[in-house]
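I opened the notebook to record what I looked up in this structure, entry by entry. The order follows my own searches.

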Amino acid sequence: MSDEDGVVRGSGTGRGAPAPRYTVSLGFGIAVLLGVFVALTIAPSGGVFEPEPLVHFGRPAASAVLHAAAVAAVGLSLLPLLIGLDRAQAAEPVLRKVRPIAAVASAVWAVAALITLVLQAAELYRSSQLDLAAIGTYVAEVNAGKALVAVVALALLHTVLGVLAVRRGERIPAELRAGLGVFALLPLPVTGHAASSEWQDITLVSIELHVLAAVAWAGGLAAVAVFLANNRTLLAHTLPRFSRLAAACLAVVTLTGVVNGGTELLTTPTREFWAALFGTGYGQLVLLKLGCVLVIAALAANIRVRLLPAIERHKRTALAGWVTLELTVLGLAFGVATVLSRTPFS
C-alpha cells in the first residue's frame, strides 16, 4: 500500500517487490509499435506507389524495433556512467547482468537496421523487382540507404564492444561504449524532413539534438528502473543524477520538437500554418506527439517531486509503476515519431 506521497508502506526489506524488468520492457516495446500503427491510421506514409501490406506495415514496424533497440543499447551503456565510477564495486553485480543484455540489444539494433534497409528499398522498388542489385542501387542513390548501412556497421561494432565487456567488464570503458552508441544515432535523423528544409542549417542540428536527448532520456530511465529499482542504495545515489539529466533532456526535446515541427509547418508551400497544423496528417501527428510530451513531463514531475525525496531516504516507493507509465507514453511518442519522419506535408 502507498500513501498520498507514493511511499510504499511495508517491512522495508524490498524483497517482496517484483522486479519491474519485464513490465517496463514490454510496456515500452508494445507502446512503440502501437504508436506506429496509430500514426499510420492518421497519416499513411507516402511512396512512389502503394506498397504491399508486408512492406507498408513491416517497414515502420522494423523501424520501430530499430529505435527501441537503440534506446535499450544506449541506455544500458549509459548506466555505468549514471551510477558513477565511485560506485564501481557496489555496482558490479548489477552491471554483470546488464552487459549481456546490452550486447543483445545492439545486435537487434543492427539486424533491425538491415531489415529496415531492405524494406525501404522494397518501398521504393516493387518487391518483385527487389534483388541485391536494387538494394545496392538504393544505397548508392538514396541518403537514407547510406545512413542505414552506417547504422548497421556502427551497431555491429557496438555489439562487439558489448561482447568484449561481457568478458572483460569495465576494462572496456563505459565511456567508449556510450560514446559509440550515441554516435550510431547520428546518421538517420539527417535523412528525414530536416535535410530538405529551407532552414536546414538549423533543423539538421535541431533534429540531431532532439534524437540524442530523447534516447538518453528514455534509455537512461528504463535502465535505472529495470536494474536499480530493487537496490535502494544504488537507486538513491543514481536517480537524483539521472533526474538532472532527464530535466535537461526534456527541455531539449521540447524546444527542438517545437523548432522542427514549427519550421516544417511554417514552410509548407500550399497551406497556412494553422491549416497545416490541424488539416494535414503531418500536423496532426505533431499535435499527438506534443500531447505525449506534455503527459510525459507531468509524469516526470510527479516522480521528481513526490517520489525522489523518499527514494533518497531509502524508502520504498511506487517508482516502478510510475516509470512504467512514463515509458509507455514515451514509447507511444517514439512510435509516432517513426511515422512522422516519413510523412508528407500535404
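**Entry: nonpolar patch.** I began with the nonpolar patch on the surface of this predicted model, and I noted that α1 (21-42), α2 (53-83) and α3 (88-124) each supply at least two of its residues. The members I wrote down are Leu 33, Phe 37, Phe 57, Val 65, Val 104 and Val 108, which together have about 450 Å² of accessible area. I then looked up Val 108 by itself: this residue sits in helix α3, and its relative accessible area of 36% makes it partly exposed, because the partly exposed class runs from 20% to 50%.

**Entry: overall fold.** Which kinds of secondary structure does the protein chain hold, and how many of each? I found eleven helices and zero strands, so that reading along the sequence gives the pattern α-α-α-α-α-α-α-α-α-α-α, where helices are DSSP runs numbered from the N terminus. The protein chain has 346 residues, and 49% of them count as buried.

**Entry: salt bridges.** I searched the whole structure for salt bridges and came away with five. Side chains of opposite charge can pair when their charged atoms come close.

The pair I took up at the start was Glu 123 with Arg 59, whose closest N and O atoms are 3.8 Å apart. Glu 123 lies in helix α3 and Arg 59 in helix α2, so this salt bridge ties together parts that are 64 residues apart in sequence. Are the two partners buried or exposed? Glu 123 counts as buried at 5% relative accessibility, and Arg 59 is buried as well, with a relative accessible area of 1%.

I went on to Arg 99 and Glu 170, whose side chains meet in a salt bridge at 3.0 Å, N to O. Arg 99 belongs to helix α3, whereas Glu 170 is in the loop between α5 (143-168) and α6 (174-184), so the pair ties together parts that are 71 residues apart in sequence. Here the two partners fall into separate classes, since Arg 99 is buried with a relative accessible area of 6%, while Glu 170 counts as partly exposed at 31% relative accessibility.

Glu 170 also forms a salt bridge with Arg 177, and I noted 2.8 Å between their closest N and O atoms. Arg 177 is buried, with a relative accessible area of 7%. When I traced the links further, I found that Glu 92, Arg 96, Arg 99, Glu 170 and Arg 177 are joined in a network of salt bridges.

**Entry: cavities.** How many cavities of 30 Å³ or more are there? The count comes to two, and I recorded a volume of about 80 Å³ for the largest cavity. Its lining is made up of Leu 76, Ser 77, Val 98, Arg 99, Ala 102, Ala 103, Ser 106, His 158, Leu 161, Gly 162, Ala 165 and Arg 177. The elements that give two or more residues to this lining are α2, α3 and α5, and the largest share, five residues, comes from α3. I marked Arg 99 and Arg 177 in my list, as both line the largest cavity and both take part in the salt-bridge network.

**Entry: second largest pocket.** I then turned to the second largest pocket, which holds about 610 Å³ of space. It is lined by 27 residues, and those nearest its centre are Ser 25, Ala 68, Ala 72, Ile 101 and Ala 105. I noted that α1, α2, α3 and α7 (200-228) each supply at least two residues of this lining.

**Entry: a contact distant in sequence.** I looked up Leu 81, which lies in helix α2 and counts as partly exposed at 29% relative accessibility. Leu 81 and Glu 175 are 94 residues apart in sequence, yet their C-alpha atoms are 7.4 Å apart in space.

**Entry: cysteines.** My last check was for disulfides, each of which is a covalent bond between the sulfur atoms of two cysteines. The structure holds zero disulfides. I also looked up the accessibility of two cysteines: Cys 249 counts as buried at 6% relative accessibility, and Cys 292 counts as buried at 9%.

How values were computed:
Residues numbered from 1 in each chain as written. Predicted model: local features only at pLDDT ≥ 70, side-chain atom pairs only at ≥ 80, totals over all residues. Heavy atoms only, no water. Patch = residues over 30% accessible without salt bridge, like charges linked within 9 Å, V, L, I, M, F, W, Y side chains within 5 Å. Areas by Shrake-Rupley, 256 points an atom, 1.4 Å probe, with all protein chains shown as cover. Salt bridge = Lys/Arg side-chain N within 4 Å of Asp/Glu carboxyl O. Helix = DSSP H or I, 4+ residues; strand = E, 2+ residues; numbered from the N terminus. Buried < 20%, exposed > 50% of the residue type's maximum accessible area, 1.4 Å probe, protein only. Disulfide = S-S within 2.5 Å. 1 Å grid on protein atoms, 1.4 Å probe; cavity = no way out; pocket = protein on both sides within 12 Å on 5 of 7 lines; lining within 4 Å. Points joined across faces, edges and corners; volume = space filled by probe spheres on them.
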